[in-house]
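Student: I should like to learn how the features of a protein model are read. May we take one example and go through it step by step?

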Amino acid sequence: MKSKNQSITIDGIDKKILRKLMEDARTPILEIARLVGISGAAIHQRLKKLERSGLISGSQCIINPKVLGYTTLAFVGVYLDKTMSHTDAVKMLKRIPEVLECHFTSGNWSLFLKVLSKNNAHLMHILNDDILTISGVLRTETFVSLDQQIDRQLQV
């Protein structure tokens, strides 16, 4: 398997396969084969090659959080005490299910989070009772998303 930082070269057939699967990951291999013009076995082999390379890693079932009542999305910059280990903070943040993403960043914040909550009161609870109680977290800076305008993957 290639390391995270190595790149691979994909051809036009690989791109067609990937585009179809990005559109609908449940598309049957034989349907993709008909679309691309090669055998189902060849599609299967190419998919295995792409998986081994690390370019693709399975498929996902995407849940609409709004149906479950989660309507407030926020981005939270976290300032850590200089003595606080980033790995210890991340370990504690992993225990908070509403924290969907955590990024090490350059700039003012030590960490940058994507947090999903049911409403503003729920967000305040997550900030005050969960995130700010982590030892070493000095303060947070929160930005509430009013509406997501772009949601996509890298185009191939």
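Tutor: The dialogue below goes from the fold to the surface and then to the cysteines. Please note that this is a predicted model.

Student: How many helices and strands are there in the protein chain?

Tutor: The protein chain holds five helices and four strands. Read from the N terminus on, the order of elements is α-α-α-β-α-β-β-α-β.

Student: Why is the protein chain described as more spread out than a compact globule?

Tutor: One compares the radius of gyration with the value from the globule rule. For 156 residues the rule gives 15 Å, whereas the protein chain has 20 Å, well over that value, so it is more spread out than a compact globule. Its C-alpha trace spans about 55 × 35 × 25 Å along the principal axes.

Student: What share of the residues is buried, and what belongs to the accessible surface?

Tutor: Of the 156 residues, 28% are buried. The accessible surface is about 11200 Å², and carbon and sulfur atoms account for 52% of it.

Student: How far apart are the mean positions of the positive and negative charges?

Tutor: The chain has 21 positive and 15 negative charges, and their mean positions lie 8 Å apart.

Student: How many disulfides does a search of the whole structure find?

Tutor: A disulfide is a covalent bond between the sulfur atoms of two cysteines. In this case the search finds zero.

Student: Which class of accessibility do Cys61 and Cys102 fall into?

Tutor: Exposed means over 50% relative accessible area. Cys61, at 73%, therefore counts as exposed, while Cys102, at 30%, is partly exposed.

Conventions. Residues are numbered from 1 along each chain as its sequence is written. This is a predicted model: local features need pLDDT of at least 70, side-chain atom pairs count only at pLDDT 80 or more; totals for chains, interfaces and linings use all residues. Side-chain values use heavy atoms; hydrogens and water are left out. Helices (H or I, at least four residues) and strands (E, at least two) are DSSP runs, numbered from the N terminus. The radius of gyration is taken over C-alpha atoms; the globule rule is 2.2 Å times the number of residues to the power 0.38. Buried means under 20% relative accessible area, exposed over 50%, partly exposed in between (1.4 Å probe, protein chains only). Accessible areas come from the Shrake-Rupley method with a 1.4 Å probe; for residues, only the protein chains shown count as cover. Lys and Arg count as positive and Asp and Glu as negative; His and the chain ends are not counted. The place of a charge is taken as NZ of Lys, CZ of Arg, CG of Asp or CD of Glu. A disulfide is a pair of cysteine sulfur atoms within 2.5 Å.
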